[in-house]
Structure formats: structure tokens, C-alpha cells
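Here is a quick walk through one protein chain, written for someone who would rather look at residues than at statistics. Keep the structure open while you read.

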Amino acid sequence: MSVISFNDLALTGWFPGHMLKAGRQMQEIAPLIDLVVELVDARLPLSSRNPRFHELLPGKPAMVVANKADLADPAASRRWQRWFEGQGERVFFLNAREPGDPDRLVRFWERTAHEEREKRGATQALNRPVRVMIVGIPNVGKSTLVNQLCTEKRAQVGPRPGVTRQNQWIRLRGDQVELLDTPGVLWPRIRDKEHELRLAMIGSIRDEVIGIELLAEFIWYELSRQPARVDWSLYDLAACPEYPEEMMAAVARRRGLLRGGGAIDHIRAAHALVKDYRDLRLGALTLESPPDPTAC
Ligand SMILES: Nc1nc2c(ncn2[C@@H]2O[C@H](COP(=O)(O)OP(=O)(O)OP(=O)(O)O)[C@@H](O)[C@H]2O)c(=O)[nH]1
Ligand SMILES: [Mg+2]
């Protein structure tokens, strides 16, 4: 049986042209913005940050919103919260699909934007709504958050990367805040294959770009790194299988994905595992730890 080293595999280099354009438009509009809100995925709080946003939007007041907190391990989220605060960053863990949660966030934005203005020496009250730009990599829930905050459904949402293709301004209930929803933007050079595969796990890179079987194998690897948090009974397993092939066989048996003669339907089993992970059937897992655990 081969020992897998995912980092031996080639990166896909996936960076569609519309992302370059979206980055440029972000830069152009930045002077109008009071606060930049970077949405990240709470399961991958650092690796789902686009390192280029700092270059594109230098010196702008900013905060991090770690969305999809319902899919992450709550204890890990608390550690991450302390880590971000230790770095001097404002952070807010959110479930954008939970009514009520986004409203707490808006009050936080209003306070933050006013504090920032005071810090910069502004003496007069702002006589227009606070302008907030929502940025983030694809599929982290930017449009879902925007929709939760406005009365009518405005922004298109979907479980794939690249749903939003254009900037759109949306004025919120109460007229105190104007939000700019932007398309998800990745960056051209991702660090290594494992990083790319984690981005695919959270749906920020298309499954077809990575290949569903490789993605399923990587999910097995991630589950095997924290077996105690996984509900193995979903596939009638007592513990984490030692090899990905055993895992796929268990998925196929449990889901009836066997061909004539008992052969595993690998593609359908891979799709089933990816879907179960994303639908939270295997457990709420955080996929990375803060870089310096002593700092939180
Ligand atoms: N479980 C969970 N799912 C969420 C949450 N927020 C958004 N989603 C789901 O995540 C998927 C992507 O949401 P979108 O709002 O389209 O994401 P986006 O960041 O606008 O994506 P792009 O426009 O492609 O950049 C959708 O299926 C949402 O229903 C959340 O807090 N928790
Ligand atoms: Mg969107």
C-alpha cells in the first residue's frame, strides 16, 4: 500500500480570469469604503484568508468574520478567537444562516466604523450610511450574509465557488449601513497541495478541478487526523480505517454503491463521502490549528 504525500502532487493553479478583474475592481472602489469585512471559513480560519487582500486594500479599517461556525469544532473556534485577538485583529464567529446572528454583526460594524473614524481624527458625525465591503474567497457565505441582512432576497447564493460575478451595493434595513457584496477571489499561487485540497474541502475550489476521488481520499486523511470527533457509525465503522481504500469500501457498502460482482463504484462512493462531510454527517471539524498555540 502506498504512503500518500499529498504535497507531492501538482497544484492545479486554478485562478479564473474573473478573479483578477474582481480584485482590480475592489481596489478601485476602496476609497469609498469605511470598513472591509473579510469573510473566512471557520473550519479553516487562516488558510481561507486571501493574503492578497492586504495588498489590494492597504490601510483600510478591517475585521474578520469567521462564517459557517456551525460546521466547525466550537472549542477550536474559541482557540482561534483568542489567537486572532492576540494578533490585534477584530474577529466575529458567525452562522450566516442563523437568523439573529447577522444582526449582532451589524451593530458591531456600526460601532467599529465610528471608532475608526474617531481614531482618524474625524470630529463630525457621518451623515450617510456606513459603507461596508464584504470580501472573501469563493463560497464562504458572503451573499448569504448579505441576504440575511436585507429584507428582500437580493444576492444569488449557491454551494459552488464563483456564484457572485459582480460587485453589488445593498442597503440594509434601517438604512444605517450599505453593504457591497463582491465576487469570491482566490490568489494565483497557493502554498502547497494540502492547502489547495483543504480549500476544495470547504468548496472554494471546484470539485471538478481537483478530481472527486482525490478529494475523497484527502477527506479520509483529514478525518484520520482527528478520529475522536468523527461519527464513524455512519458507515458502520468502529474506528478510522487505516487506508483510504478501506474507507471507500465502507462508504460503498453502506450506501449500496457496489457494481455487479461486488466491485466498488469509486466515483459515486467519492461523491457520497464528500457530500456527507459537507452536510455535517461526519461531525463538526476544524481543519487547522492556530500557528502558535501558546499565543491563545
Ligand atoms: N452551514 C452553513 N452554510 C452556510 C453558511 N453561510 C452560507 N452557507 C452556505 O454556503 C454556500 C455558499 O454561500 P454563498 O453565500 O453563495 O457564498 P459566497 O461567498 O457568496 O460565494 P461566491 O459568490 O461564489 O464567492 C451556500 O450553499 C450557503 O447556503 C453558514 O453560516 N453555515
Ligand atoms: Mg456570492
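What follows starts with the chain as a whole and then moves to a few residues worth finding on screen.

**The whole chain**

First things first: this is a predicted model. Its secondary structure adds up to 10 helices and 6 strands. With a radius of gyration of 21 Å, close to the 19 Å that the globule rule gives for 296 residues, the chain is as compact as a globular protein of that length. If you want box dimensions, the C-alpha atoms take up roughly 75 × 40 × 35 Å along the principal axes.

How much of the chain is buried? Of the 296 residues, 52% are. Contacts reach across the sequence, too: among those with a separation of 6 or more, 69% join residues 24 or more positions apart. The exposed surface comes to about 14,300 Å², and carbon and sulfur atoms account for 48% of that. As for charge, there are 42 positive and 39 negative side chains, and the centres of these two sets sit 4 Å apart.

**Aromatic pairs**

Searching the whole structure turns up 7 aromatic pairs. Take tryptophan 80 and phenylalanine 84: their ring centres are 5.8 Å apart and their planes meet at 40°, so this pair counts as tilted. Both belong to helix H3 (residues 74–86), where they are 4 residues apart, about one turn of the helix. Tryptophan 80 and phenylalanine 84 are both buried.

Another tilted pair is phenylalanine 218 with tyrosine 221, at 5.5 Å centre to centre and 40° between the planes. These two lie in helix H8 (residues 212–225), 3 residues apart, again about one turn of the helix. Their surroundings are worth a look: phenylalanine 218 is buried at 0% relative accessibility, whereas tyrosine 221 is partly exposed, with a relative accessible area of 23%. Phe6 joins Phe218 and Tyr221 in one aromatic cluster.

**Some single residues**

The table lists relative accessible areas for four residues discussed below.

| Residue | Relative accessible area | Class |
|---|---|---|
| Threonine 112 | 3% | buried |
| Asparagine 139 | 15% | buried |
| Arginine 160 | 43% | partly exposed |
| Aspartate 236 | 59% | exposed |

Threonine 112 sits in helix H4 (residues 101–119). Which residues does threonine 112 contact, leaving aside its neighbours within four places in sequence? They are Leu35 and Arg90.

Arginine 160 is in the loop between helix H5 (142–149) and strand E5 (168–171). Setting aside neighbours within four places in sequence, arginine 160 is in contact with Asn139 and Gly203. Its C-alpha atom is also 6.9 Å from that of arginine 206, though 46 residues separate the two along the chain.

That brings us to asparagine 139 itself, which lies in the loop between strand E4 (130–136) and H5. Now for the backbone: most residues other than glycine have a negative phi. Asparagine 139 has a positive phi of about 75° although it is not a glycine. Aspartate 236 also has a positive phi, near 55°, and is likewise a residue other than glycine. You will find aspartate 236 in the loop between H8 and helix H9 (244–255). To put the two side by side, asparagine 139 is buried, while aspartate 236 is exposed.

Conventions:
Residues numbered from 1 in each chain as written. Chains lettered and ligands numbered in written order. Predicted model: local features only at pLDDT ≥ 70, side-chain atom pairs only at ≥ 80, totals over all residues. Heavy atoms only, no water. Rg over C-alpha atoms; globule rule 2.2 N^0.38 Å. Buried < 20%, exposed > 50% of the residue type's maximum accessible area, 1.4 Å probe, protein only. Contact = heavy atoms within 4.5 Å. Areas by Shrake-Rupley, 256 points an atom, 1.4 Å probe, with all protein chains shown as cover. Lys, Arg positive; Asp, Glu negative; His and termini not counted. Charge placed at Lys NZ, Arg CZ, Asp CG, Glu CD. Phe/Tyr/Trp six-rings, centres within 6.5 Å; stacked < 30°, edge-to-face > 60°.
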